[in-house]
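Colleague: Got a minute? I'd like to walk through this one with you, and I'm new to this.

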Amino acid sequence: LVSRKKHPENTIVEVKGERIGDGKQYFVMGPCAVESYEQVAAVAEAVKKQGLKLLRGGAYKPRTSPYDFQGLGVEGLKILKRIADEFDLAVISEIVTPADIEIALDYIDVIQIGARNMQNFELLKAAGQVNKPILLKRGLAATIEEFINAAEYIMSQGNGQIILCERGIRTYERATRNTLDISAVPILKKETHLPVFVDVTHSTGRRDLLIPCAKAALAIGADGVMAEVHPDPAVALSDSAQQMDIAQFNEFMEEVRAFQRQM
Ligand code: PEP
Ligand code: MN
């Protein structure tokens with residue numbers, strides 16, 4: 001169902017009036033985790049000032065260690081809903097268990113399925129049964145074929161509103177947190193009819209690489225770029241080393257937009 005061969009036209013994913021996959025390139029910015037209303041509002045204000053529409057933030061955080069901050073859960077989803085209404089933004093947030101898919105419908109605009117759950121088939125099936133766009137991230141060690149099959153799981157249940165997101169894969173290279181597989185973008189665009197985003201934060205894990213990698217993503221034809229922004233990364237409860245602060249975010253947008261104008 002996701003194959004370009006069967007369905008040559010691009011799928012357009014509609015999110016609060018935005019048409020993702022229709023040529024315009026989007027930016028999904030926001031903190032790694034929702035920590036408080038004030039924290040998300042500070043980022044939402046900056047996102048709004050940049051004229052952007054899509055805000056991210058995790059309420060359920062699948063952390064490597066069980067002793068790390070696990071997210072605010074439903075409380076976090078409620079904060080996102082309030083922010084979305086107050087700032088007229090669309091919010092994207094990760095859901096990690098099939099039982100929470102229903103709950104998410106009331107609070108968020110796009111359900112994210114994270115890298116660690118790309119092959120959680122029950123979660124994929126549950127995501128396929130709702131009428132809500134899904135942002136599906138590539139697994140840490142998933143081949144492109146496995147990634148496409150994960151999207152097929154969702155679509156086979158009836159939900160065709162899927163955005164694919166390349167977020168780096170695990171290789172022997174340690175200079176970056178993961179290795180950004182930039183050629184996955186044109187391959188996914190060729191093999192499927194779905195919009196493709198690139199998460200420059202989790203693929204690199206390095207603030208100094210966000211701008212060049214975002215430029216590469218846009219140049220190679222990605223439909224959107226995701227990156228993490230926190231009002232004070234030094235005190236962030238997760239991914240503190242890789243999130244941009246507001247000033248860095250503004251600089252990022254300026255540089256990347258200047259690049260887009262030359263494309
Ligand atoms: C995230 O986007 O918050 C996240 C945890 O990313 P990933 O699933 O790609 O690691
Ligand atoms: Mn993160």
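Modeller: Sure. One term before we start: a residue is near a molecule if its C-beta atom, placed from the backbone, lies within 6 Å of it. And keep in mind that this is a predicted model.

Colleague: OK, so which residues surround ligand 1?

Modeller: The shell consists of Cys32, Gly58, Glu94, Gly114, Ala115, Arg116, Lys137, Arg167, Asp199 and His202.

Colleague: And how many of the shell residues are nonpolar, polar or charged?

Modeller: Five are charged, three are polar and two are nonpolar.

Colleague: Switching topic. How many helices and strands does the protein chain have?

Modeller: There are nine helices and ten strands. Eight of the strands close into a barrel, in the order 3-4-5-6-7-8-9-10, with parallel pairing. On average, neighbouring strands of this sheet are turned by 25° against each other, ignoring direction.

Colleague: What do strands of a sheet pair through?

Modeller: Backbone hydrogen bonds, and the pairing can be parallel or antiparallel.

Colleague: Let's pick strand 3. Which strands is strand 3 joined to?

Modeller: Five bridges join strand 3 to strand 10, and two bridges join strand 3 to strand 4, residues 54-56. Met29 stands opposite Ala227 in strand 10, while Val28 has Leu54 in strand 4 as its bridge partner.

Colleague: Is strand 3 buried or exposed?

Modeller: Mostly covered: five of its five residues, 26-30, are buried. Tyr26, Val28 and Gly30 point one way, Phe27 and Met29 point the other way, and all are buried.

Colleague: What about strand 10, where is it joined to strand 9?

Modeller: Strand 9 covers residues 196-199 and strand 10 covers residues 224-228; three bridges join them and they run parallel. Phe197, for instance, has Gly224 in strand 10 as its bridge partner.

Colleague: Now Lys5. Buried or exposed?

Modeller: Lys5 is exposed, because just 8 other C-beta atoms lie within 10 Å, and the cut-off for exposed is 12 or fewer. Lys5 sits in the segment before strand 1 (13-15). Its C-alpha is 7.5 Å from that of Glu191, though the two are 186 residues apart in sequence.

Colleague: Why would you say the radius of gyration agrees with a compact globule?

Modeller: A compact globule of 263 residues would have a radius of gyration near 18 Å, and the protein chain has 17 Å, so the two agree. The C-alpha atoms fill a box of roughly 45 × 45 × 40 Å along the principal axes.

Colleague: And how much of the chain is buried?

Modeller: Buried residues make up 50% of the 263.

Technical notes: Residues numbered from 1 in each chain as written. Chains lettered and ligands numbered in written order. Predicted model: local features only at pLDDT ≥ 70, side-chain atom pairs only at ≥ 80, totals over all residues. Nonpolar A, V, L, I, M, F, W, Y, C, P; charged D, E, K, R; others polar. Pairing = 2+ DSSP bridges. Helix = DSSP H or I, 4+ residues; strand = E, 2+ residues; numbered from the N terminus. Axes fitted to C-alpha atoms, helices over the stretch in contact; angles between N-to-C directions. Buried ≥ 20, exposed ≤ 12 C-beta atoms within 10 Å, placed from the backbone. Rg over C-alpha atoms; globule rule 2.2 N^0.38 Å.
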